[in-house]
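Please open the model in your viewer and keep the sequence panel in sight. The stops below say what to select and what is there.

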Amino acid sequence: MQASMFNLRVPLPERDEVFLMNTLTDAQLVVSSDVASLLDRPGSTDSRDTGEASTPEELAALAVLTENGFLVQDRAADRRRLDDYMTMVKTDTSELNITLLTTLQCNFACDYCFQGDHGDYNKFADKMSAATAAKVGEWIEGELERLRPEKFLLTFFGGEPLLNLPVMYELSERLWRASNRVGTPVSISIITNGLLLTEEVVDRMVPFGLRGVKITLDGDRATHDRMRPLRGGQGTFDRIIQNLRRVSGKCGIAIGGNFDESSVDSYPALLEFLREQEFAEHLVKVNFKPIVRNPEPAALGAKGILSLTPVGADGRPIKPLGGTCMTSVGDGGATACDTCHTLDDQMTFLRDETRRHGFPTPDGVHNGPCHVHMAHAHTIGPDGSLYACPGFTGEKSKSIGHIDGRLEQRREEARLEFDRLSPWTDCGDCAYIPVCAGGCVVASHTTLGDMNVPTCHKRSFDSALISLAYETVSAN
Amino acid sequence: MKITVIKKAVVNAKPSGYCPVYVDDFPATKK
């Protein structure tokens with residue numbers, strides 16, 4: 001027997017203990033240092049390998065470590081278990097996940113996004129028609145009938161999804177009826193900037209399965225209004241907060257925020273503000289993420305705009321996200337990007353601040369593998385094209401199919417390309433593979449030019465793990 | 001030899017979220 005490659009350890013010297021986690025089994029233990037040292041003993045559970053006789057107490061401890069996956073037969077066994085896990089994630093039919101982009105249009109002119117209400121972008125951005133929505137409904141009904149999943153998760157996304165209310169209403173009602181027919185409960189969420197999130201919208205959607213909305217606040221009032229204004233420069237913070245007050249209690253509310261080095265310092269003030277609001281108790285998640293800049297500032301486009309994708313010398317995006325509201329797709333720290341490291345550290349700071357203010361927030365360790373690795377998670381673009389991930393909806397060559405079943409060579413090639421994805425095979429023996437799977441495929445594609453090359457935020461995982469360990473210890 | 005079990009091993013543990021790092025998502029699935 002030997003220590004699993006998926007073991008993580010955080011020493012807790014002040015207690016002479018160690019926090020242990022196995023990312024494949026998700027087991028978490030707090031053990032005394034002498035127990036942790038058993039993991040380093042070669043042939044740990046067999047005294048014949050070491051020449052040492054294990055005491056009954058040691059044998060009992062070794063049994064617990066083995067039961068929870070911290071000790072395995074050999075490295076090959078770990079690899080087999082990883083392969084089995086990735087196959088399980090890929091083929092799992094218990095959930096049908098649909099992310100539906102009603103439009104790529106947006107009514108915001110975010111400072112860091114070259115899409116949205118800038119120039120004539122909205123004039124040409126795709127918007128789902130009623131006819132396409134009817135076909136989309138039919139296709140999803142077919143998937144529900146075929147899979148009979150235990151859960152059906154439907155997410156409306158964009159652009160700004162509330163700019164196409166007729167399609168959202170029609171599909172919600174139709175799919176609520178379909179999910180009732182197959183006996184699968186539908187859970188709807190909306191990812192919106194919050195400007196058009198009225199009581200009327202929420203009241204209309206709740207009976208058909210609306211469970212929660214996610215809105216974005218980019219710092220305190222002044223910072224948010226600078227980062228996420230309307231086209232004419234008007235601020236949006238007050239209107240969003242007013243909307244949140246009106247809809248709170250009707251459905252779950254999650255708050256997100258996108259920070260960079262210029263805005264991160266304003267987030268504690270935002271957290272203070274949120275804590276004081278009556279809707280604070282209804283917030284089911286608060287999670288802030290970095291806007292990751294690409295490392296070639298000289299190649300950036302319009303002055304003052306932080307591009308989210310690489311742009312050429314003419315300022316045009318090389319691989320545009322096409323209006324999909326993805327806020328950060330730069331690569332990670334694998335290539336020693338100081339900016340990323342700084343942002344990773346700031347994310348840790350904001351996660352701790354969020355917890356300190358009493359809001360639920362992701363622990364930063366339990367992440368992927370994301371939908372791109374799941375066969376029954378689909379993104380549907382406004383024209384009915386199918387994608388493996390919302391990050392590719394602006395790039396037609398990355399469409400992996402169409403809801404009308406048309407057969408096209410380029411889509412088939414893309415489908416096969418996504419089907420073969422396994423960037424984690426280049427991650428060596430990294431313990432985070434089961435919760436990372438090689439990082440964001442969109443980031444790999446946009447910044448490295450190859451979806452199958454991993455992007456790495458190990459530093460971020462490490463700091464999140466330390467926070468998780470100390471939080472766990474203080475709660476027990 | 002002290003062990004406190006915080007969370008036992010889960011067979012076929014599922015991913016906890018959609019895209020918690022990059023996409024703005026609403027919490028859907030808990031690990």
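Contacts between residues 24 or more positions apart make up 69% of those in chain A with a separation of 6 or more. The model is predicted. Select chain A as a whole: 16 helices and 14 strands are assigned to it, and 50% of its 476 residues are buried. Then select chain B, which has 31 residues, 42% of them buried. Its secondary structure is one strand and zero helices.

**Confidence**

Colour chain A by pLDDT. The mean is 86, and 86% of the residues in chain A reach 70 or more. Two stretches of chain A should be read with care. Over residues 295–322 of chain A the pLDDT stays under 50, and the model has 53 contacts there beyond four places in sequence. Residues 327–339 of chain A also stay under 50, with 49 such contacts.

**The sheet shared by both chains**

Where does the strand of chain B go? Select β2, β3 and β4 of chain A with β1 of chain B: these four strands form an open sheet in the order β2(A)-β3(A)-β4(A)-β1(B), with antiparallel pairing. At the edges are β2 (7–12) of chain A and β1 (3–7) of chain B, each pairing on one side only. From one strand to the next, the twist averages 20°.

Inside this sheet, zoom in on β3 (residues 17–22) and β4 (residues 28–32) of chain A, an antiparallel pair with five bridges. Leu20(A) has Leu29(A) in β4(A) as its bridge partner. Now add helix α16 (residues 458–475) of chain A, which packs on the sheet and touches β2, β3 and β4 of chain A as well as β1 of chain B. The direction of α16 makes about 60° with that of β2(A).

**The nine-strand sheet**

Next, select β6 to β14 of chain A. The nine strands form an open sheet of mixed pairing, ordered β11-β10-β9-β8-β7-β6-β12-β13-β14. β11 (283–290) and β14 (401–402) of chain A each have a single partner strand, so one side of each has no neighbour in the sheet.

Move to β6 (residues 95–101) of chain A. Five of its seven residues are buried, so β6 is largely enclosed by the rest of the structure. Which strands flank β6(A)? On the list are β7 (residues 151–157) of chain A, which runs parallel to β6(A) and is joined to it by seven bridges, and β12(A), also parallel, with four bridges. To see one bridge of each pairing, show Leu100(A) with Phe156(A) in β7(A), then Asn97(A) with Ala377(A) in β12(A).

From β12 (residues 377–380) of chain A, step to β13 (residues 385–387) of chain A: these two run antiparallel and are joined by two bridges. Ile380(A) stands opposite Leu386(A) in β13(A).

**Helix α4 of chain A**

Last, select α4 (residues 75–91) of chain A. At 1.5 Å a residue its 17 residues should span 24 Å, and the end C-alpha atoms are 24 Å apart, which agrees. Which residues of α4(A) are buried? They are Asp78(A), Tyr85(A) and Val89(A). These cover an arc of only 35° around the axis, and therefore lie on the same side of α4(A). Elements covering these buried residues include β5 (71–72) and α14 (433–436) of chain A. Turn the helix over to find Ala76(A), Asp83(A), Asp84(A), Thr87(A) and Thr91(A), which are exposed on the other side of α4(A).

Notes:
Residues numbered from 1 in each chain as written. Chains lettered and ligands numbered in written order. Predicted model: local features only at pLDDT ≥ 70, side-chain atom pairs only at ≥ 80, totals over all residues. Buried ≥ 20, exposed ≤ 12 C-beta atoms within 10 Å, placed from the backbone. Contact = placed C-beta atoms within 7 Å. Pairing = 2+ DSSP bridges. Axes fitted to C-alpha atoms, helices over the stretch in contact; angles between N-to-C directions. pLDDT = per-residue confidence, 0-100. Expected span 1.5 Å × (residues − 1). Arc of directions from axis to C-beta.
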